[in-house]
Each structure stands twice: as structure tokens, then as C-alpha cells.
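Here is a structure to walk through together. Please have the viewer open, and we will go from a pair of helices to the annotated domain and then to a pocket.

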Amino acid sequence: MADKFDVIVIGAGPGGYVAAIRAAQLGLKTACVEKWIGKEGKVVHGGTCLNVGCIPSKALLEASHKFVEAKHDFDDMGIQAGDVSMDVKKMMARKDTIVKNLTGGISGLFKANGVTAIDGTGKVLSKGQVEVTDQDGKATTYDADSIVIAAGSVPVEIPPTPLKEGLVVDSTGALEFQETPKRLGVIGAGVIGLELGSVWNRLGSEVTMLEAMDDFLPMVDTAIAKETQKLLKKQGLDIKLGARVTGSEVKGEEVVVKYTDAKGEQEMTFDKLIVCVGRKPYTKGVVADGAGVELDERGFIQVDDQCRTSLPGVFAIGDCVRGQMLAHKASEEGIMVADIIAGHKAEMNYDAIPCVIYTFPEVAWVGLNEQDAKAKGIEVKTGAFPFAASGRAMANNATEGQAKIIADAETDRVLGMHIVGQHAGEMIAQGVIALEFGSSAEDLALTCYAHPTMSEAVHEAALAVEGHAIHMANRKKKK
Ligand code: FAD
Ligand code: AMP
């Protein structure tokens, strides 16, 4: 008879593997089921994030950024690097090694924490029962007191641009180009589109981004989004807003894309096309018909604030449930759910989840932006500080961007922090902590920051909320 577990987790992405490790740490007998077949033909852990998401994209972003620095910025600092070129295949091989090491690391963490890894496709049969079908088609049923579904998400495909291997690709395909395309089209100027477009733009592609919406990064504070758009344009990214793709045709080695914009029907030809129009929950086959786990109207597994599904004892977390599709959101939900299963009190603060776009400079934000706060009828006061006035930014050759704090006009409580600048993704942790601790802008202003650091811009932005920034002329003065 198959083993019985306290907890079975389906999916070993950042939601599932973290939930499994935490559950095992809390003394629960835990198994994690995974079906992802890696490049070596064996099951690998880590899900989208480690295999085809966060990590490989960042490996390419870092390499391509260093290439641009060596080619264009080193000279400024007196470094004579000579002719700089990029070996794309080597860059890809390095990315693959990082993925291999990290995914292997999860298997190691499972062993160290006593999580039983089960290779195969998991399906919730009913309350407390999971069937796992292995690569040979053999099915085994396991009992578990609690089940966590962490099945993740997959890229959205749109009818106008059916994928064609190596030519019209999704984000996964865009991480596998073995040479730099001359003319690259990217559909969707969201987070993933901007990151992938940046990689290939830096390596020499002529990149055109076609974005259906008229607004650029509407979830980001308008001042920060506007500056980001300007900076990316300066780098050569041609971002066409209000451009809705309506069709495409593969002609030999090229793809002709049709789109409509304010001027009417348009057409462009590319050597490669990346379709980055979002992701959708992946729930195929993960629950048996009639088992009682409900989906919502958009196909997400329906859950309450603590990730309980409609079937008692079954939880769902990460990209397959409502909320932002982010690895750290999935992981935090995994920890919360494991804690709840172990009998502890736990909850998530969905208002304090940071988002980062790993362009150069990075864009990072948490909490409300100024326009949304105002739309909610909240009276706000803001403070912003440009990196152009930061000593460390000058030393780093990274004077572009700004940090902005949005605070409640009456209580001074920090409502949001939005940054565009080098290392914004690291700096935003300060905003997350401010929100978590219910800090005021004055709390940040009264905090001692190390000098010289990029984070001093956050300190100055906090001071600027009351018109007291030291290293710039203030817009307003406090009496
Ligand atoms: P996933 O990581 O998708 O994992 C789900 C796992 O479940 C998969 O391994 C899948 O094989 C498995 N599974 C599904 N069904 C079954 C089944 N029936 N049986 C067994 N196993 C099953 N997020 C960030 O926070 N930061 C970033 O920088 C970032 N960059 C990204 C870049 C790209 C190009 C992409 C595509 C995504 C990026 N993301 C990023 C998003 C991030 O990858 C996801 O939010 C995150 O992976 C979601 O975690 P998850 O555990 O919910 O799902
Ligand atoms: P994200 O949701 O951050 O992954 O971004 C996906 C982006 O793709 C969104 O900004 C959408 O507006 C955009 N998008 C979706 N469909 C189309 C389309 N047919 N043409 C152009 N852009 C699109």
C-alpha cells in the first residue's frame, strides 16, 4: 500500500517547494509531487521560476547589461576593454548551468528537510486522496490529511500570433535564442516583455514592442513610469503604445505582424517575434472532475484569504490562484498554508508585496501609487529624490531615475514607494518593511542611512515629503 502523508503538495515551483519544506520543518510528514521534465529528460524541481522564469531571465539580463557596460560605459571610467563582443551560445550555456545548479539544489533541500519527492503528475481525486501518474503511465494513490495545489501558470497564447518554433515564441522560447535576431518584435510591454526586449536590445537587436494599452506600466506611479519609458526609449527600445496586434503571417524565415493603432492598420516584419501577453493559471488535470474544487470565472482555483479551496483540507497557492503572479507571493502563501496546516495562526499582507522589473535601471514598487491613492479618495503627500543628486549614483555611473514615497496627508503613514534606478529591486525592501511596520514617512526620515549608498535616495525622498530634503532644492518648505 502507498504511503500516507500529513501533507501532499502538488507542484514544486516557488509556491509548492517552499510549502513542502516549511511543512516538513514543522514536523509534518510531507511529499511534493512534480512532473516538470528538464533538459536532461528527468523530473526537475523549481517550476517556472527556476526553469524558465525569474532565474534564467535574470541570468540573461545580467550578462547583457555587463556587455553594454563593457562596450559603452567602461571607457568613461578609464577602462580600456578593447573590442567587446558577446558569445550568445556561451551566455545561454551559463544560464543553463545556473538553472541546473538551482533546480538540483531544491532536490537537495527536500532531502535535507525530509520531504519525499514524488515524480509524476498529481491529481486530487477527493478530500485526502491524490493520484500520481508516473512517466510510464503507472498510477498510485496516496492518502494525505491535507493537500496543497501549487500548479502554477503558463503563457497566454493569442489567436493572431500562433507560436512557431524558433520564430514566433513565448517567454520560454525567448530564453533559448542561440543568436541575436536582427529585427525583434515583442507583443506586450508588460514586465516580462520589457525584460526580454531589454536583453536582446542590449545585444544588438532592433526591438519593437507592440502594446495594446495607451498607458505605459499603469500599475506604476505615473512619474516613475514616464521616466522609465523615457530611459528605455533612450536605450533604443521602440515601445509603441496603443498598438493592438491583430494578425501575423510567417513568410519563410520572417514573420509579418499586423496591428492597429491610432493611425489605422499597420504592418511590420520581424526576424523573431516574442509573444508576452500575460500568463494564465495552469489547472489542467490537477483536480478530478466533480472532486469539489471550484475555479473562478477566469480559471483560477477559487480560494479564501488563507488559500483554502472549496474542498475542505485542500489549499491552493501561487500563480494558480488570484493575486499577483510573482514567485515571492507564491512562496509566502506556501509558508502561510504550511503554518495553518500545522495548527498555527497565519495570514498574508497582500498590500505589501513588492514588484520589480529587472530592466536597467530597475523599476520597483510596493503599495499604492499617487494616481491610485487619489482615485481612492485618499489625500496624499509625496516626496521624490532624483538619483542625479546622489553621490553614490554618480560614482556608480547610474544617475538615472528617482525614488518616490507616497504618504497619507493626514497620518503621514507610508502608503507606497515607487523607484526607478540602479538596484531599485534591492531598495524596495525598505518600502515593504515600512508598509509592514505601518511606518510614517517621518520614521524613514529620522532613520540613519549609510553614506554613500543608493538607498540614501529613499531617505531623501522621505525628507522631501515635508520639504526637507538636504541635497536638492525642495518644492515646499515646512514652517
Ligand atoms: P510555478 O513556478 O509555475 O510551478 C508550478 C509547478 O507545478 C511546475 O513545476 C509544474 O510542472 C507543476 N505542476 C503543475 N501541475 C502539476 C501536476 N498535476 N502534477 C505535478 N506537478 C504539477 N516572478 C518574480 O517574482 N520575479 C521575477 O523576476 C519573475 N520573472 C519571471 C520571468 C519570466 C520569463 C516568467 C515566465 C515568469 C517570471 N516570474 C517572476 C513569475 C514566476 O515565475 C511565477 O510567479 C512563479 O514561478 C509562480 O510560482 P508557482 O509555484 O505558483 O508556480
Ligand atoms: P503582463 O500582463 O504584465 O504580462 O503584460 C502583458 C501585456 O500584453 C499587457 O500590457 C497587455 O495589454 C498586452 N497585450 C495583450 N494582448 C495584446 C495584443 N493583441 N497586442 C498588443 N498587446 C497586447
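Helix H1, residues 16–25, packs against helix H8, residues 327–341, with the two axes 8 Å apart and at an angle of about 30 degrees. Angles under 35 degrees count as roughly parallel, and H1 and H8 are therefore roughly parallel to each other. If you look at the handedness, H1 passes H8 in a right-handed crossing. Do keep in mind that you are looking at a predicted model.

Next, the domain record. An unreviewed UniProt entry lists residues 5–334 as "domain: FAD/NAD(P)-binding". Across residues 5–334, helix makes up 30% of the chain and strand 27%. The C-alpha atoms at the two ends of residues 5–334 are 17 Å apart.

Now let us turn to empty space. Rolling a probe the size of a water molecule over the atoms shows where such space is left. The second largest pocket holds about 570 Å³. Its lining is made up of 22 residues, and those nearest the pocket centre are His 65, Val 68, Asp 73, Gln 235 and Phe 360. Helix H3 (54–73), helix H6 (191–202) and helix H7 (222–234) are the elements that each give two or more residues to this lining.

Which element gives the most to the lining of the second largest pocket? That is H3, with seven residues. As for chemical character, the lining of the second largest pocket divides into nine polar, seven nonpolar and six charged residues.

Conventions. Residues are numbered from 1 along each chain as its sequence is written. Chains are lettered from A and ligands numbered from 1 in the order in which they are written. This is a predicted model: local features need pLDDT of at least 70, side-chain atom pairs count only at pLDDT 80 or more; totals for chains, interfaces and linings use all residues. Side-chain values use heavy atoms; hydrogens and water are left out. On a 1 Å grid over the protein atoms alone, a cavity is a set of points where a 1.4 Å probe fits but cannot get out, and a pocket is an open set with protein on both sides within 12 Å along at least five of seven lines; lining residues have an atom within 4 Å of a point. Grid points are joined across faces, edges and corners, and a volume is the space filled by probe spheres set on the points. Helices (H or I, at least four residues) and strands (E, at least two) are DSSP runs, numbered from the N terminus. Ala, Val, Leu, Ile, Met, Phe, Trp, Tyr, Cys and Pro count as nonpolar, Asp, Glu, Lys and Arg as charged, and the others, Gly among them, as polar. UniProt positions are given in the numbering used here, feature names are shortened, and annotations may be inferred rather than shown by experiment. Axes are lines fitted to C-alpha atoms, for helices over the stretch in contact, and angles run from 0 to 180 degrees between N-to-C directions. Angles under 35 degrees count as roughly parallel, over 145 as roughly antiparallel, 65 to 115 as roughly perpendicular and the rest as oblique. A crossing is left-handed if the near helix is turned anticlockwise from the far one by less than a right angle, and right-handed if clockwise.
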